[in-house]
Amino acid sequence: MFGIVIAFKDYQVSKGILASNWVGFKYFIEFFNGRYFARTMINTLLISFYDLLFGFPAPVIFALLLNEVKNTYFKKTIQTITYLPHFISMVVICGMIVDFFSSDGLVTKLIVSLGGKKMDYMGSAAHFRPIYIGTNIWASIGWSSIIYLAALSGIDQELYEAAVIDGAGRFKQLWHITLPGIAPTVITMLILRCGQLLSVGYEKIILLYNSGTYETADVISSYVYRMGLGSSRYSYSSAVGLFQSVVNLILLFAVNSLSKKFSETSLF
Amino acid sequence: MKSKCKKIITGALCVIMVLGMAGCGEKNETVQNEKKNSFTYWANMPAGIVSVYQSMGEIKMYQQMEKETGIHIEFIHPAAGQVSEQFTLMMASREFPDFIEYNWNSYAGGAEKALEDNVIIKLNDLFDSVAPNVKKMIESDENYEKLVKTDSGAYFCFPALNTGSYRIFGGPIIRKDWLDELGLSVPETIEDWETVLRAFKEKKGATAPFTADASLMSSSELTNAFNTAFNVGKGLYIRDGKVVFGPMENGYKEWLQLMNKWYAEGIIDNDYNTNSSSAIEAKVANGYTGAFFGYVGGSIGKYLTMMKQQDPKFDLVGVPYPVMNKGDKVNFAAIESDVLAGAALSITSACTDPETAAKWADNWYTEKGRMLSTFGVEGETYTMVDGKPVYTDTILKNPDGYSISEMLQQHCRATAASPGFNTEDEYLEQYYEYDRQKEAFKTWSGVTEDARKHLMPPITPTIEESEEFAALSADIDTYVSEMVFKFVCGTEPIENYDSFVEELKEIGIERYLEINQNAYERYLNR
């Protein structure tokens, strides 16, 4: 934590953290005025937002669907298959993605046979976000659904029996028993997720992007990575990283208090 | 209460340990200052031995050197693919080994800054007192001296010197068997290339007649493919004593236009920006491509060996760099500098016995060191025939099926840059087993002199300028690589080239060139 002070200093390796000169908000101002501020900011927010919009409900829906499956053997097989990508290293996952979406790749061939265009999808800025979000869902849907399955198994079965006696159909049961039953878990996960709105992980981005897709793919964390470890601009990249954390913290508090107000579920 | 007791005991034990160690330290220190016979050495491990050895200490030449000098080297290697990141982390933590072998030009602020930051030590006095061989080698050539010194005249490393007579190892390569089958001759001009690539696409069914990776258009790489015909470099280069930036020069727009046309037509690989080296390899092996930019060893040699079984007719030939009209001069090529900056061996400030360290490193600049690092151990890996070293069959025809390159890497460091002698002619002539490789050499070497004149040497900004320089170069690199790809694939119409140049000026290209120009002049005055 103490290292954060270098964001306000002109950090020189030879002088060390303490002896380096204070520069105040110089690096923050440089970032806000820099040519890539707007772009990395918008990309981060958009990727996060889409990830939240499509990526968050996906495991919930998946868990609900699984819950309705009565054949145990089929259910277990599906679960095993969807967990698999979680255990593969990110580097391998990204290697596969690049391969599948190249102009002779597996997915591209599928797209072409469905009447799509044959092209290198990884080199196209317009396709970066859908690919990023889509593969995120593919890689995490099984693993993320575990927590909802656990919540589902905690719902009192007598409620369903009572509902059936009252004449409730499947959808009525889902709407009035299942969903309220897992709502606290869903909201807690949502709040935690919102706290990360501004921190799109850099690993997957830097493994997938290239000069053709910087426009839609370059996010704050990948920018910090390039500046800090690529160009050795320690102070500058610390400042950018600190900015990102502060905004995340504010978002977390905001969503938490909103949730407290409207749903009575909150983290603290 | 219990935890308090524990804390006190732990504290007491710590004190005892520290005292004990301090006692030992004092005793040893007097010995250490006199002589140290083991050093730590941080270096990137050559890719070829990763699967065979745990560390470079297992390479035979280091074991032989240990036998002769009695000095043990303990190697430390960063994880493969994370060299620069781990180097940066090591710099930030300030825990240094005795030796670091690295490209100091990529240290923020250059070698001069590394000296000032007290990461590495100045070697001028040590060269004079205990390392006469390296000094003699450096002073034997004006170019060596300029490339090895910093602007202020400090020696900072034991350099990897290019001592052979060849400098160009890469260029355009083409499928000779396809050319013969289609009755075409080796292409020279852009017009020839267009005919050949179109024929590959139409008659041979190549989906990517000319393939490449992102380095094809990158302003920071030496892959010069078709820009040679427009007499324009891709990034910074020297023209009439001035540092200029290719993307702002005459000819660049026309080159972009051609690349755009070929991209749209599908005769250069539409995946070029995302191709990995394995993707290129697969395209060559499967006949999806008939031409590419490559190297004598890494491409021609590798593919000829790879395809021998699969397709006996498969044949590759190195062809001249493309020109616009027959007989035009070629001013750019994948030319190597006289000093290979990537393997500069420096002694760090953490080394307690720099004198012995320098003496050890100096061994690589003697005749014995030259033989050891290029040919290995006499009797084992080479024998002298008529006064010339000849590799034994252990290397050339290994019974266990290792290739020449793999065997060499297990015994010495001839195949990649290392402190001392590099790319010796006697080694190259034996290393390249195919005639096609030797031909390619001769084909490309013709342009050495002209390309050398335009090559931007590694320069260092002054310490005051270094932060500004880093910021500018990061912004410019990102912007250029992005825009160039857009121009080539057509998402940005070529008419916008002028606004691209305007935007570069906005970012500060003029200031960037000024810093470079000043640094270049300091370089010339070294």
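**Exercise 1. Find how many salt bridges the whole structure holds, and classify the exposure of the partners in three of those on chain B.**

Solution. A search over all chains gives 44 salt bridges, a salt bridge being a side-chain nitrogen of Lys or Arg within 4 Å of a carboxyl oxygen of Asp or Glu. This is a predicted model, in which local features need pLDDT of at least 70, side-chain atom pairs count only at pLDDT 80 or more, and totals for chains, interfaces and linings use all residues. Residues are numbered from 1 along each chain as its sequence is written, chains are lettered from A and ligands numbered from 1 in the order in which they are written, and side-chain values use heavy atoms, with hydrogens and water left out.

Step 1. Lys368(B) and Glu68(B) pair at 3.8 Å, N to O. The two residues lie 300 residues apart, Lys368(B) in helix α14 (residues 367-375) and Glu68(B) in helix α2 (residues 60-69) of chain B. Helices are DSSP runs of H or I with at least four residues, numbered from the N terminus. Lys368(B) is exposed at 58% relative accessible area, and Glu68(B) is partly exposed at 41%. The classes are: buried under 20%, exposed over 50%, partly exposed in between (1.4 Å probe, protein chains only).

Step 2. Arg370(B) and Glu426(B) also meet in a salt bridge, at 3.8 Å, N to O. Arg370(B) is in helix α14 and Glu426(B) in helix α17 (residues 425-431), 56 residues apart. Arg370(B) counts as buried at 13%, whereas Glu426(B) is partly exposed at 22%.

Step 3. For Arg511(B) and Glu468(B), the closest N and O atoms are 2.9 Å apart. The pair joins helix α22 (residues 509-524) to helix α20, 43 residues apart. Arg511(B) is partly exposed at 27%, and Glu468(B) is partly exposed at 33%.

**Exercise 2. Describe the interface of chain B and chain A.**

Solution. Step 1. 29 residues of chain B are in contact (heavy atoms within 4.5 Å) with 31 residues of chain A.

Step 2. The two chains bury about 2500 Å² between them, 48% of it on carbon and sulfur atoms. Buried area is the accessible area (1.4 Å probe) that two parts lose on being put together, summed over both. Thr274(B), Glu467(B) and Glu482(B) supply 20% of the area that chain B buries against chain A, more than any other three residues.

Step 3. Four salt bridges cross the interface. In one pairing, Glu503(B) and Arg35(A) have their closest N and O atoms 2.7 Å apart. On the side of chain B that touches chain A, α20(B) gives the most, with 11 residues. A network of salt bridges links Arg39(A), Asp218(A), Arg226(A) and Glu482(B).

**Exercise 3. Locate the largest nonpolar core and the helix that gives the most to it.**

Solution. Step 1. The largest core has 185 residues, and those with the most contacts inside it include Phe99(B), Trp104(B) and Trp360(B). A nonpolar core is a set of buried Ala, Val, Leu, Ile, Met, Phe, Trp, Tyr and Cys residues joined through side-chain atoms within 4.5 Å.

Step 2. Helix α20 (residues 466-489) of chain B gives the most to this core, with 11 residues.

Step 3. Another core, of 21 residues, lies apart from it, with Leu52(A) and Tyr148(A) among its members.

**Exercise 4. State which part of chain B has pLDDT under 50.**

Solution. Chain B averages a pLDDT of 88, and 94% of the residues score at least 70; pLDDT is the predictor's confidence in each residue, from 0 to 100. The value stays under 50 over residues 17-33 of chain B. Where pLDDT is low, the predicted coordinates should not be read in detail.
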